[in-house]
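Here is a short, friendly tour of one structure, with its cysteines, its internal cavities and one of its helices as the stops. Have the viewer open and follow along.

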Amino acid sequence: MNDVDAYELVTATARSARVAQRSLAGAPRAVKDAALEAMARSLTEHGEAILAANAADLERGRQAGMKAGLLDRLALDSERLSAIADSLHEVAALPDPVGQVVDGSVMPNGLRVRRVRVPLGVVGMIYEARPNVTVDTAALAVKSGNAIVLRGGSAAQDSNAAIVVALRGALEAQGLPADLVASVDAAGRDGARALMRAHGLVDALVPRGGAGLIRTVVEQSTVPVIETGSGNCHVYVDSSADLETAVDIIVNAKTQRVGVCNAAETLLVHADVAAIYLPAAAAALWGKDTTLHADPVARRILAEVASGSGREAFLTEATEADWDTEYGSLDLAVRVVENLEEAVDHIRSHTTGHTEAVLAQDVGVINAFIAGMDSAAIMVNASTRFTDGGQLGLGAELGISTQKLHARGPMGLTELTTTTWIVEGAGHIRP
(Lines give C-alpha, C1' and ligand atoms only; values in the text may rest on other atoms or scores of the structure.)
Protein backbone atom coordinates (compact mmCIF):
# COMPACT_ATOMS: atom_id res chain seq x y z
CA MET A 1 0.00 0.00 0.00
CA ASN A 2 3.11 2.22 -0.18
CA ASP A 3 2.67 3.37 3.44
CA VAL A 4 -0.46 5.30 2.46
CA ASP A 5 -3.70 4.89 4.37
CA ALA A 6 -6.08 4.01 1.55
CA TYR A 7 -9.28 4.96 3.33
CA GLU A 8 -7.97 8.37 4.36
CA LEU A 9 -6.54 9.10 0.92
CA VAL A 10 -9.69 8.10 -0.97
CA THR A 11 -11.95 9.93 1.48
CA ALA A 12 -9.91 13.12 1.32
CA THR A 13 -9.59 12.91 -2.48
CA ALA A 14 -13.29 12.31 -3.03
CA ARG A 15 -14.26 15.15 -0.69
CA SER A 16 -11.91 17.52 -2.49
CA ALA A 17 -13.37 16.35 -5.80
CA ARG A 18 -16.89 17.11 -4.60
CA VAL A 19 -15.88 20.64 -3.66
CA ALA A 20 -14.07 21.11 -6.97
CA GLN A 21 -17.03 19.82 -8.95
CA ARG A 22 -19.27 22.61 -7.69
CA SER A 23 -17.15 25.13 -9.57
CA LEU A 24 -17.73 23.26 -12.82
CA ALA A 25 -21.33 22.07 -12.47
CA GLY A 26 -22.86 25.26 -13.81
CA ALA A 27 -19.88 26.53 -15.80
CA PRO A 28 -20.57 27.74 -19.34
CA ARG A 29 -19.39 25.68 -22.24
CA ALA A 30 -16.64 28.16 -23.10
CA VAL A 31 -14.95 27.60 -19.74
CA LYS A 32 -15.00 23.83 -20.11
CA ASP A 33 -13.84 23.89 -23.71
CA ALA A 34 -10.96 26.21 -22.84
CA ALA A 35 -9.92 23.76 -20.12
CA LEU A 36 -9.96 20.87 -22.59
CA GLU A 37 -7.84 22.78 -25.09
CA ALA A 38 -5.38 23.62 -22.32
CA MET A 39 -5.26 19.96 -21.29
CA ALA A 40 -4.44 18.97 -24.88
CA ARG A 41 -1.61 21.49 -25.05
CA SER A 42 -0.28 20.34 -21.70
CA LEU A 43 -0.12 16.72 -22.85
CA THR A 44 1.99 17.81 -25.82
CA GLU A 45 4.23 19.97 -23.65
CA HIS A 46 4.73 17.09 -21.19
CA GLY A 47 5.10 14.55 -24.01
CA GLU A 48 8.73 13.68 -23.35
CA ALA A 49 8.11 13.03 -19.65
CA ILE A 50 4.97 10.99 -20.39
CA LEU A 51 6.72 8.78 -22.94
CA ALA A 52 9.68 8.25 -20.62
CA ALA A 53 7.29 7.21 -17.84
CA ASN A 54 5.50 4.89 -20.24
CA ALA A 55 8.78 3.29 -21.28
CA ALA A 56 9.44 2.48 -17.62
CA ASP A 57 5.99 0.91 -17.29
CA LEU A 58 6.51 -1.16 -20.44
CA GLU A 59 9.88 -2.45 -19.28
CA ARG A 60 8.43 -3.41 -15.91
CA GLY A 61 5.56 -5.16 -17.71
CA ARG A 62 7.91 -7.14 -19.94
CA GLN A 63 9.97 -8.20 -16.94
CA ALA A 64 6.77 -9.38 -15.26
CA GLY A 65 5.75 -11.44 -18.31
CA MET A 66 2.78 -9.26 -19.30
CA LYS A 67 0.87 -10.61 -22.31
CA ALA A 68 1.36 -8.98 -25.69
CA GLY A 69 -2.22 -7.71 -25.78
CA LEU A 70 -1.85 -5.93 -22.44
CA LEU A 71 1.50 -4.48 -23.45
CA ASP A 72 -0.18 -3.12 -26.58
CA ARG A 73 -2.89 -1.48 -24.47
CA LEU A 74 -0.24 0.01 -22.23
CA ALA A 75 2.11 1.28 -24.92
CA LEU A 76 2.34 4.93 -25.90
CA ASP A 77 4.41 6.49 -28.65
CA SER A 78 4.43 9.95 -30.19
CA GLU A 79 1.66 9.03 -32.63
CA ARG A 80 -0.62 7.56 -29.96
CA LEU A 81 0.01 10.48 -27.61
CA SER A 82 -0.81 12.91 -30.38
CA ALA A 83 -4.06 11.02 -31.08
CA ILE A 84 -4.94 11.16 -27.38
CA ALA A 85 -4.36 14.92 -27.35
CA ASP A 86 -6.49 15.25 -30.49
CA SER A 87 -9.34 13.48 -28.72
CA LEU A 88 -9.45 16.37 -26.25
CA HIS A 89 -10.00 18.78 -29.14
CA GLU A 90 -12.75 16.48 -30.45
CA VAL A 91 -14.53 16.43 -27.09
CA ALA A 92 -14.27 20.22 -26.89
CA ALA A 93 -16.03 20.47 -30.25
CA LEU A 94 -18.98 18.36 -29.10
CA PRO A 95 -22.22 19.91 -27.81
CA ASP A 96 -22.42 20.43 -24.06
CA PRO A 97 -25.01 18.02 -22.63
CA VAL A 98 -25.45 19.94 -19.38
CA GLY A 99 -28.61 22.02 -19.41
CA GLN A 100 -30.18 20.18 -22.34
CA VAL A 101 -33.94 19.85 -21.92
CA VAL A 102 -34.84 16.18 -22.31
CA ASP A 103 -38.57 16.85 -22.35
CA GLY A 104 -41.10 19.28 -20.96
CA SER A 105 -44.75 20.18 -20.82
CA VAL A 106 -47.32 22.48 -19.30
CA MET A 107 -49.70 20.67 -17.00
CA PRO A 108 -53.47 21.34 -17.07
CA ASN A 109 -53.12 23.33 -13.83
CA GLY A 110 -50.49 25.61 -15.38
CA LEU A 111 -47.37 24.08 -13.84
CA ARG A 112 -44.45 24.23 -16.27
CA VAL A 113 -42.43 21.01 -16.10
CA ARG A 114 -39.15 20.18 -17.76
CA ARG A 115 -36.48 17.54 -17.30
CA VAL A 116 -32.93 18.85 -17.67
CA ARG A 117 -29.54 17.15 -17.93
CA VAL A 118 -27.15 17.75 -15.02
CA PRO A 119 -23.74 16.25 -14.13
CA LEU A 120 -23.54 13.02 -12.14
CA GLY A 121 -21.12 14.70 -9.70
CA VAL A 122 -18.02 12.69 -8.77
CA VAL A 123 -17.22 9.69 -10.96
CA GLY A 124 -14.73 7.01 -9.96
CA MET A 125 -12.76 4.93 -12.49
CA ILE A 126 -10.96 1.66 -11.77
CA TYR A 127 -9.05 0.45 -14.81
CA GLU A 128 -6.02 -1.51 -15.96
CA ALA A 129 -2.98 -0.81 -18.14
CA ARG A 130 -4.68 1.87 -20.26
CA PRO A 131 -3.07 5.32 -19.97
CA ASN A 132 -5.35 6.62 -22.74
CA VAL A 133 -8.30 6.02 -20.41
CA THR A 134 -6.80 8.54 -17.99
CA VAL A 135 -7.15 11.23 -20.63
CA ASP A 136 -10.45 10.10 -22.14
CA THR A 137 -12.25 9.95 -18.82
CA ALA A 138 -10.82 13.27 -17.64
CA ALA A 139 -11.92 14.92 -20.88
CA LEU A 140 -15.46 13.56 -20.69
CA ALA A 141 -15.73 14.43 -17.00
CA VAL A 142 -14.68 18.05 -17.49
CA LYS A 143 -16.92 18.58 -20.51
CA SER A 144 -19.94 17.13 -18.68
CA GLY A 145 -19.30 19.14 -15.52
CA ASN A 146 -18.08 16.26 -13.36
CA ALA A 147 -15.01 15.53 -11.27
CA ILE A 148 -13.15 12.25 -11.73
CA VAL A 149 -11.21 10.10 -9.26
CA LEU A 150 -8.88 7.64 -10.95
CA ARG A 151 -7.40 4.32 -9.89
CA GLY A 152 -5.38 3.24 -12.89
CA GLY A 153 -3.54 0.14 -11.73
CA SER A 154 0.11 -0.59 -11.05
CA ALA A 155 0.94 -1.62 -14.62
CA ALA A 156 0.56 1.98 -15.86
CA GLN A 157 1.45 3.77 -12.63
CA ASP A 158 4.27 5.93 -14.03
CA SER A 159 2.37 6.79 -17.23
CA ASN A 160 -0.78 7.72 -15.36
CA ALA A 161 1.11 9.81 -12.81
CA ALA A 162 2.81 11.83 -15.56
CA ILE A 163 -0.49 12.32 -17.42
CA VAL A 164 -2.37 13.40 -14.29
CA VAL A 165 0.35 15.98 -13.53
CA ALA A 166 -0.10 17.43 -17.02
CA LEU A 167 -3.90 17.53 -16.79
CA ARG A 168 -4.03 19.03 -13.30
CA GLY A 169 -1.53 21.70 -14.26
CA ALA A 170 -3.65 22.67 -17.24
CA LEU A 171 -6.78 22.98 -15.09
CA GLU A 172 -4.99 25.22 -12.60
CA ALA A 173 -3.65 27.38 -15.42
CA GLN A 174 -7.27 27.93 -16.48
CA GLY A 175 -8.30 28.99 -12.98
CA LEU A 176 -10.10 25.72 -12.26
CA PRO A 177 -9.46 23.38 -9.31
CA ALA A 178 -6.84 20.73 -10.03
CA ASP A 179 -8.94 18.32 -7.95
CA LEU A 180 -11.39 17.97 -10.83
CA VAL A 181 -8.95 15.26 -11.96
CA ALA A 182 -7.39 13.23 -9.14
CA SER A 183 -5.67 9.89 -8.68
CA VAL A 184 -5.62 7.46 -5.75
CA ASP A 185 -2.96 5.22 -7.31
CA ALA A 186 -0.67 5.94 -4.36
CA ALA A 187 -2.88 3.71 -2.19
CA GLY A 188 -2.42 0.68 -4.44
CA ARG A 189 -5.04 -2.06 -4.47
CA ASP A 190 -6.36 -0.91 -1.14
CA GLY A 191 -7.19 2.36 -2.88
CA ALA A 192 -9.41 0.50 -5.32
CA ARG A 193 -11.20 -1.24 -2.45
CA ALA A 194 -11.66 2.05 -0.61
CA LEU A 195 -13.03 3.66 -3.76
CA MET A 196 -15.61 0.87 -4.00
CA ARG A 197 -16.71 1.73 -0.46
CA ALA A 198 -16.90 5.50 -0.94
CA HIS A 199 -20.70 5.56 -0.98
CA GLY A 200 -21.98 9.10 -0.53
CA LEU A 201 -18.70 10.60 -1.74
CA VAL A 202 -18.52 9.01 -5.20
CA ASP A 203 -21.73 9.11 -7.23
CA ALA A 204 -20.91 6.40 -9.77
CA LEU A 205 -18.08 3.94 -10.28
CA VAL A 206 -16.97 2.57 -13.65
CA PRO A 207 -14.67 -0.49 -13.86
CA ARG A 208 -12.81 -0.96 -17.12
CA GLY A 209 -10.58 -3.96 -17.68
CA GLY A 210 -10.66 -7.72 -17.62
CA ALA A 211 -13.59 -9.85 -16.55
CA GLY A 212 -12.06 -10.47 -13.12
CA LEU A 213 -11.70 -6.77 -12.34
CA ILE A 214 -15.22 -5.98 -13.49
CA ARG A 215 -16.73 -8.86 -11.50
CA THR A 216 -14.89 -7.79 -8.35
CA VAL A 217 -16.12 -4.21 -8.60
CA VAL A 218 -19.71 -5.25 -9.34
CA GLU A 219 -19.79 -7.71 -6.44
CA GLN A 220 -17.96 -5.65 -3.80
CA SER A 221 -18.87 -2.03 -4.49
CA THR A 222 -21.33 -0.09 -2.34
CA VAL A 223 -21.10 2.75 -4.86
CA PRO A 224 -23.49 2.50 -7.83
CA VAL A 225 -21.63 0.78 -10.68
CA ILE A 226 -21.95 1.39 -14.40
CA GLU A 227 -20.76 -1.99 -15.61
CA THR A 228 -18.51 -2.27 -18.61
CA GLY A 229 -18.10 -5.71 -20.10
CA SER A 230 -15.45 -7.99 -21.46
CA GLY A 231 -15.55 -8.48 -25.20
CA ASN A 232 -16.18 -11.97 -26.53
CA CYS A 233 -17.14 -10.50 -29.91
CA HIS A 234 -18.42 -12.60 -32.82
CA VAL A 235 -18.36 -12.29 -36.61
CA TYR A 236 -20.92 -14.32 -38.58
CA VAL A 237 -20.27 -14.81 -42.30
CA ASP A 238 -23.48 -15.66 -44.13
CA SER A 239 -23.74 -17.52 -47.42
CA SER A 240 -24.71 -14.22 -49.03
CA ALA A 241 -21.59 -12.37 -47.86
CA ASP A 242 -19.19 -10.77 -50.32
CA LEU A 243 -15.96 -12.78 -50.17
CA GLU A 244 -13.43 -9.99 -50.64
CA THR A 245 -14.95 -7.57 -48.15
CA ALA A 246 -15.68 -10.38 -45.69
CA VAL A 247 -12.01 -11.40 -45.52
CA ASP A 248 -10.90 -7.79 -45.07
CA ILE A 249 -13.40 -7.27 -42.25
CA ILE A 250 -12.45 -10.50 -40.48
CA VAL A 251 -8.75 -9.64 -40.55
CA ASN A 252 -9.37 -6.11 -39.35
CA ALA A 253 -11.71 -7.22 -36.57
CA LYS A 254 -9.17 -9.73 -35.26
CA THR A 255 -5.76 -8.23 -35.93
CA GLN A 256 -6.00 -4.44 -36.24
CA ARG A 257 -5.40 -4.25 -32.49
CA VAL A 258 -5.65 -7.50 -30.56
CA GLY A 259 -5.65 -6.31 -26.94
CA VAL A 260 -8.89 -4.34 -27.06
CA CYS A 261 -12.39 -5.37 -26.01
CA ASN A 262 -13.89 -4.85 -29.48
CA ALA A 263 -11.52 -7.25 -31.25
CA ALA A 264 -13.23 -10.32 -32.70
CA GLU A 265 -12.71 -13.56 -30.77
CA THR A 266 -14.99 -16.00 -32.64
CA LEU A 267 -15.66 -16.47 -36.35
CA LEU A 268 -18.79 -18.32 -37.49
CA VAL A 269 -19.10 -19.28 -41.17
CA HIS A 270 -22.16 -20.64 -42.99
CA ALA A 271 -21.61 -24.22 -44.14
CA ASP A 272 -22.61 -23.43 -47.74
CA VAL A 273 -19.61 -21.14 -48.24
CA ALA A 274 -17.16 -22.48 -45.64
CA ALA A 275 -15.03 -24.35 -48.20
CA ILE A 276 -14.45 -21.07 -50.07
CA TYR A 277 -14.45 -18.43 -47.36
CA LEU A 278 -12.47 -20.25 -44.66
CA PRO A 279 -9.31 -20.90 -46.72
CA ALA A 280 -9.28 -17.29 -47.91
CA ALA A 281 -9.78 -15.93 -44.40
CA ALA A 282 -7.26 -18.36 -42.91
CA ALA A 283 -4.57 -17.41 -45.41
CA ALA A 284 -4.98 -13.74 -44.55
CA LEU A 285 -5.09 -14.40 -40.80
CA TRP A 286 -2.07 -16.70 -40.95
CA GLY A 287 -0.28 -13.88 -42.71
CA LYS A 288 -0.71 -12.04 -39.41
CA ASP A 289 0.42 -15.10 -37.37
CA THR A 290 -3.06 -15.76 -36.00
CA THR A 291 -3.74 -19.17 -34.45
CA LEU A 292 -7.13 -20.62 -35.41
CA HIS A 293 -8.94 -22.76 -32.83
CA ALA A 294 -11.21 -24.64 -35.21
CA ASP A 295 -14.16 -26.97 -34.71
CA PRO A 296 -13.94 -30.38 -36.49
CA VAL A 297 -15.60 -29.20 -39.70
CA ALA A 298 -13.50 -26.07 -40.00
CA ARG A 299 -10.37 -28.01 -39.14
CA ARG A 300 -11.02 -30.55 -41.91
CA ILE A 301 -11.45 -27.75 -44.43
CA LEU A 302 -8.28 -25.98 -43.31
CA ALA A 303 -5.96 -28.94 -42.69
CA GLU A 304 -4.75 -29.24 -46.27
CA VAL A 305 -4.40 -25.46 -46.62
CA ALA A 306 -2.37 -25.30 -43.41
CA SER A 307 -0.13 -28.16 -44.52
CA GLY A 308 0.46 -26.66 -47.93
CA SER A 309 1.46 -23.30 -46.49
CA GLY A 310 3.50 -24.61 -43.57
CA ARG A 311 1.01 -23.23 -41.06
CA GLU A 312 0.13 -26.44 -39.20
CA ALA A 313 1.25 -24.87 -35.92
CA PHE A 314 -1.36 -22.13 -36.38
CA LEU A 315 -4.31 -24.55 -36.67
CA THR A 316 -5.49 -26.27 -33.51
CA GLU A 317 -8.59 -28.07 -32.27
CA ALA A 318 -11.17 -25.88 -30.55
CA THR A 319 -12.26 -26.83 -27.05
CA GLU A 320 -15.51 -25.88 -25.39
CA ALA A 321 -13.62 -23.25 -23.42
CA ASP A 322 -12.56 -21.48 -26.62
CA TRP A 323 -16.11 -20.34 -27.33
CA ASP A 324 -16.11 -18.34 -24.08
CA THR A 325 -12.58 -16.97 -24.27
CA GLU A 326 -11.64 -13.33 -24.73
CA TYR A 327 -8.13 -14.00 -26.01
CA GLY A 328 -6.67 -10.52 -26.21
CA SER A 329 -4.08 -12.09 -28.52
CA LEU A 330 -3.63 -13.40 -32.06
CA ASP A 331 -6.03 -16.29 -31.48
CA LEU A 332 -9.45 -16.81 -33.05
CA ALA A 333 -12.07 -19.49 -32.43
CA VAL A 334 -13.65 -20.75 -35.67
CA ARG A 335 -16.86 -22.73 -36.19
CA VAL A 336 -18.89 -23.77 -39.21
CA VAL A 337 -22.65 -23.40 -38.71
CA GLU A 338 -25.46 -24.89 -40.78
CA ASN A 339 -27.58 -21.76 -40.91
CA LEU A 340 -28.31 -18.35 -39.43
CA GLU A 341 -30.35 -19.84 -36.59
CA GLU A 342 -27.40 -21.93 -35.43
CA ALA A 343 -25.15 -18.86 -35.56
CA VAL A 344 -27.60 -16.84 -33.47
CA ASP A 345 -27.96 -19.67 -30.94
CA HIS A 346 -24.18 -19.96 -30.61
CA ILE A 347 -23.73 -16.24 -30.09
CA ARG A 348 -26.56 -15.98 -27.56
CA SER A 349 -25.02 -18.89 -25.63
CA HIS A 350 -21.50 -17.48 -25.46
CA THR A 351 -21.59 -13.71 -25.92
CA THR A 352 -20.64 -11.20 -23.25
CA GLY A 353 -23.12 -8.77 -24.81
CA HIS A 354 -20.48 -6.47 -26.30
CA THR A 355 -20.39 -6.47 -30.12
CA GLU A 356 -21.51 -8.89 -32.84
CA ALA A 357 -21.08 -8.52 -36.60
CA VAL A 358 -22.99 -10.00 -39.52
CA LEU A 359 -21.46 -10.10 -43.00
CA ALA A 360 -24.24 -10.59 -45.54
CA GLN A 361 -25.90 -9.08 -48.59
CA ASP A 362 -29.30 -10.67 -47.94
CA VAL A 363 -31.45 -8.04 -46.21
CA GLY A 364 -33.65 -10.72 -44.67
CA VAL A 365 -30.60 -12.35 -43.07
CA ILE A 366 -29.35 -9.01 -41.79
CA ASN A 367 -32.70 -8.12 -40.23
CA ALA A 368 -33.06 -11.57 -38.66
CA PHE A 369 -29.56 -11.37 -37.21
CA ILE A 370 -30.22 -7.95 -35.70
CA ALA A 371 -33.51 -9.16 -34.23
CA GLY A 372 -31.81 -12.21 -32.75
CA MET A 373 -29.04 -10.34 -30.94
CA ASP A 374 -29.01 -8.94 -27.42
CA SER A 375 -25.72 -7.05 -27.40
CA ALA A 376 -24.68 -3.45 -26.90
CA ALA A 377 -23.60 -3.04 -30.54
CA ILE A 378 -24.33 -4.83 -33.81
CA MET A 379 -22.17 -4.28 -36.89
CA VAL A 380 -23.55 -4.93 -40.37
CA ASN A 381 -20.83 -5.49 -42.98
CA ALA A 382 -18.36 -3.61 -40.77
CA SER A 383 -15.60 -4.50 -38.34
CA THR A 384 -16.29 -4.97 -34.64
CA ARG A 385 -13.48 -2.46 -34.08
CA PHE A 386 -15.95 0.38 -34.70
CA THR A 387 -17.54 -0.07 -31.27
CA ASP A 388 -15.55 2.84 -29.95
CA GLY A 389 -16.66 6.23 -28.70
CA GLY A 390 -14.22 8.08 -30.91
CA GLN A 391 -15.32 6.14 -33.99
CA LEU A 392 -19.02 6.68 -33.30
CA GLY A 393 -18.89 10.43 -32.82
CA LEU A 394 -18.53 10.61 -29.04
CA GLY A 395 -15.02 12.07 -29.15
CA ALA A 396 -13.88 9.65 -26.45
CA GLU A 397 -15.48 7.07 -24.20
CA LEU A 398 -15.66 6.14 -20.57
CA GLY A 399 -15.95 2.49 -21.59
CA ILE A 400 -18.33 0.10 -23.34
CA SER A 401 -21.33 -0.65 -21.13
CA THR A 402 -22.87 -4.10 -21.54
CA GLN A 403 -25.56 -3.54 -18.93
CA LYS A 404 -29.05 -2.29 -19.71
CA LEU A 405 -29.68 0.35 -17.04
CA HIS A 406 -28.65 4.00 -17.51
CA ALA A 407 -26.11 3.37 -20.25
CA ARG A 408 -25.42 0.77 -22.94
CA GLY A 409 -22.65 0.64 -25.52
CA PRO A 410 -19.95 3.33 -25.77
CA MET A 411 -20.39 5.81 -22.92
CA GLY A 412 -19.80 9.44 -23.81
CA LEU A 413 -20.90 12.79 -22.46
CA THR A 414 -24.60 12.03 -22.18
CA GLU A 415 -23.93 8.92 -20.09
CA LEU A 416 -22.07 11.12 -17.56
CA THR A 417 -25.23 13.08 -16.88
CA THR A 418 -28.43 12.43 -15.03
CA THR A 419 -31.60 14.54 -15.03
CA THR A 420 -33.29 16.96 -12.69
CA TRP A 421 -37.01 17.78 -12.78
CA ILE A 422 -37.66 21.52 -12.74
CA VAL A 423 -41.22 22.47 -11.91
CA GLU A 424 -42.29 26.16 -12.14
CA GLY A 425 -45.50 27.43 -10.69
CA ALA A 426 -47.17 30.72 -9.83
CA GLY A 427 -48.22 30.14 -6.28
CA HIS A 428 -49.51 26.65 -7.01
CA ILE A 429 -50.59 24.47 -4.10
CA ARG A 430 -51.80 20.91 -4.36
CA PRO A 431 -55.50 20.48 -3.58
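**Cysteines, cavities and a kinked helix**

Cys233 is buried, with a relative accessible area of 0%. Keep in mind that this is a predicted model. The points below start from that cysteine and then move on to the cavities and to helix H12.

**Cysteines**

- Cys233 takes part in no disulfide, and the nearest cysteine sulfur, that of Cys261, lies 6.8 Å away.
- Cys261 is likewise in no disulfide, with the sulfur of Cys233 as its nearest cysteine sulfur at 6.8 Å.
- A disulfide needs two cysteine sulfur atoms within 2.5 Å, and by this rule the structure has zero disulfides.
- Cys261 is buried too, and its relative accessible area is 19%; the cut-off for buried is under 20%.

**Largest cavity**

- The structure holds two cavities of 30 Å³ or more, and the largest cavity has about 50 Å³ of space.
- Cys261 turns up again here, as one of the residues lining the largest cavity.
- The other lining residues of this cavity are Arg130, Arg208, Gly209, Ile214, Thr228, Gly229 and Ile400.
- By character, the lining of the largest cavity divides into three nonpolar, three polar and two charged residues.

**Second largest cavity**

- About 30 Å³ of space lies in the second largest cavity.
- Its lining is made up of Val237, Ala246, Val247, Ile250, Leu267, Val269, Tyr277, Leu278 and Ala281.
- Three elements give two or more residues each to this lining: helix H10 (243-255), strand E8 (264-270) and helix H11 (274-286).
- What is the make-up of the lining of the second largest cavity, in nonpolar, polar and charged residues? The lining has nine nonpolar residues, no polar and no charged.

**Helix H12**

- Helix H12 covers residues 296-308, which is 13 residues.
- From its first C-alpha to its last, H12 reaches 19 Å, close to the 18 Å expected at 1.5 Å a residue.
- Where is the kink in H12 centred? The kink, of about 40°, is centred on Leu302.
- Leu302 is also buried, as are Ala298 and Ala306 in H12.

Notes
Residues are numbered from 1 along each chain as its sequence is written. This is a predicted model: local features need pLDDT of at least 70, side-chain atom pairs count only at pLDDT 80 or more; totals for chains, interfaces and linings use all residues. Side-chain values use heavy atoms; hydrogens and water are left out. Buried means under 20% relative accessible area, exposed over 50%, partly exposed in between (1.4 Å probe, protein chains only). On a 1 Å grid over the protein atoms alone, a cavity is a set of points where a 1.4 Å probe fits but cannot get out, and a pocket is an open set with protein on both sides within 12 Å along at least five of seven lines; lining residues have an atom within 4 Å of a point. Grid points are joined across faces, edges and corners, and a volume is the space filled by probe spheres set on the points. Ala, Val, Leu, Ile, Met, Phe, Trp, Tyr, Cys and Pro count as nonpolar, Asp, Glu, Lys and Arg as charged, and the others, Gly among them, as polar. Helices (H or I, at least four residues) and strands (E, at least two) are DSSP runs, numbered from the N terminus. The expected span of a helix is 1.5 Å times one less than its number of residues. The bend at a residue is the angle between axes fitted to the seven residues ending there and the seven starting there.
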